[in-house]
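Please consider the sequence and the three-dimensional model shown below. The paragraphs that follow move from the strands to the helices and then to the charged pairs.

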Amino acid sequence: MTLIPQLLINVDHVATLRNARQECFPDPVAAAVLCEMAGAHGIVFHLREDRRHINERDVRLLRETVRGKLDFELSTNEEVVDICCRTQPHLATLVPERREEVTTEGGIDVVQHRDLLQRTVDTLHTAGVTEVATFVDPDHAQIDASLAIGADAIELHTGDFAVAATGSEQLERARQLATAAAHAHAVGLKVHAGHGLDYLNYGLFRSVVKHVSEVSIGFAVIARAVLVGLDVAVRDMLRLVKGG
């Protein structure tokens, strides 16, 4: 039986647009409501240390408003970890973070930062966050280290797949993701995936990479929503995720 992933929509880019003019609109919380009404299974947001898009007000209201799964992406910054513990999301995903980057550039290095990440995972679990994931590149060592620190899931970084320059390179990247997903599944970790997935590349990803229980997609959906509306953009992506 084929596993159909759940679709979680990242609303960070709605907040980016709002903050570009220091306005109170468009509201990422309102966008989250529309995404769920269109059929999305949950909402993703990243509370960055510099608050470049999502802020504490958004976090509080998203927790109160979202009815599906809520994925709180965060670094190991103590202040942000504390906010996550108090927010009690359904899922906390640990990601790398550099202030100079435009968007997340790769997976977190669990092998190198094992002790710090294990303390963070323990802190989140102790606070009552039932599912903690690490955002990692498709590398067996990173997956095994994620299991060792007590993570419940991994989110595979699909960015290299998304930006592959040729069809053959993209297929090779997809096969790397498939191997990593199979390994994570075999050792008992849930498999999530995200970063750069869109309306054009998702078909190949779906056909090659198995064992994925949820995908996080943001920029592609929000960008398409500018042209066709959020309801249509979400429904179109949901159709692809379901195999349409």
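Which residue stands opposite Leu91 in S4? It is Asp71. The model is a predicted one, and this pair offers a point of entry into its strands. Strand S3, residues 69-74, and S4 run parallel and are joined by four bridges. Strand S4 itself, residues 91-94, is covered on both faces. Leu91 and Thr93 lie on one side, Ala92 and Leu94 lie on the other, and all of these residues are buried.

From S4 one may turn to a residue that touches part of it. Glu131 belongs to strand S5, which spans residues 131-136. Is Glu131 buried or exposed? Glu131 counts as buried because its relative accessibility is 6%, which is under the 20% limit for that class. Its side chain is engaged in polar contacts with two other side chains: that of Lys69 at 3.0 Å and that of His192 at 3.4 Å. When residues up to four places away in sequence are set aside, the contacts of Glu131 comprise Lys69, His90, Leu91, Ala92, Asp152, Ala153, Lys190 and His192. Leu91 and Ala92 in this list are the residues already met on opposite sides of S4.

Strand S1, residues 6-10, is also mostly covered, with four of its five residues buried. With which strands does S1 pair in the parallel sense? One partner is strand S8 (residues 214-217), to which S1 is joined over four bridges. Within this pairing, Gln6 has Glu214 of S8 as its bridge partner. Another partner is strand S2 (residues 42-46), where the parallel pairing extends over three bridges. Here Leu8 is matched with Gly42 of S2.

Among the helices, H2 covers residues 28-37 and contains Ala32. Ala32 is buried because its relative accessible area is 1%, under the 20% limit. Beyond residues up to four places away in sequence, Ala32 touches Val11, Ile43, Leu62 and Val66. The C-alpha atom of Ala32 is separated by 20 Å from that of Ser213, a residue 181 places away along the chain.

Helix H10 presents both covered and accessible residues. Which residues of H10 are buried? They are Ala220, Val221, Ile222 and Ala225. The elements that cover them include S1 and S8, together with helix H1 (12-20) and helix H11 (230-241). H10 also contributes to the surface: Val226, Leu227, Val228 and Val232 form a nonpolar patch there, with about 390 Å² of accessible area together. H10, residues 219-228, gives the most to this patch, namely three residues. Val228, which lies in H10, is partly exposed because its relative accessible area is 34%, between the limits of 20% and 50%. Just after H10, Gly229 adopts a positive phi of about 95 degrees.

The charged pairs complete the description. How many salt bridges does a search of the whole structure find? The total is 14. In one of them, the side chains of Arg52 and Asp50 meet with an N to O distance of 3.3 Å. Arg52 counts as partly exposed at 25% relative accessibility, and Asp50 counts as partly exposed at 28%.

A further salt bridge joins Asp82 and Arg86, whose closest N and O atoms are 3.0 Å apart. These residues are separated by about one helical turn because they are four residues apart in helix H4, residues 78-87. In general, an α-helix has 3.6 residues a turn, so residues three or four places apart point the same way. Asp82 is partly exposed, with a relative accessible area of 39%, whereas Arg86 is exposed at 58%.

The salt bridge between Arg224 and Asp236 brings the closest N and O atoms to 2.8 Å. This pair links distant parts of the chain, as Arg224 is in helix H10 and Asp236, twelve residues apart from it, is in helix H11. Arg224 counts as partly exposed at 31% relative accessibility, while Asp236 is buried, with a relative accessible area of 16%. Elsewhere, salt bridges that share partners join Arg18, Asp27, Arg57 and Asp58 into one network.

How values were computed. Residues are numbered from 1 along each chain as its sequence is written. This is a predicted model: local features need pLDDT of at least 70, side-chain atom pairs count only at pLDDT 80 or more; totals for chains, interfaces and linings use all residues. Side-chain values use heavy atoms; hydrogens and water are left out. Patches are made of residues with over 30% relative accessible area and no salt bridge: like charges are joined within 9 Å, nonpolar side chains (Val, Leu, Ile, Met, Phe, Trp, Tyr) within 5 Å. Accessible areas come from the Shrake-Rupley method with a 1.4 Å probe; for residues, only the protein chains shown count as cover. A salt bridge is a side-chain nitrogen of Lys or Arg within 4 Å of a carboxyl oxygen of Asp or Glu. Helices (H or I, at least four residues) and strands (E, at least two) are DSSP runs, numbered from the N terminus. Buried means under 20% relative accessible area, exposed over 50%, partly exposed in between (1.4 Å probe, protein chains only). Two strands pair if DSSP finds at least two bridges between them. A polar contact is a pair of N or O atoms within 3.5 Å; within protein, one must be able to donate a hydrogen and the other to accept it, and residues adjacent in sequence count only if both atoms are side-chain atoms. Contact means heavy atoms within 4.5 Å.
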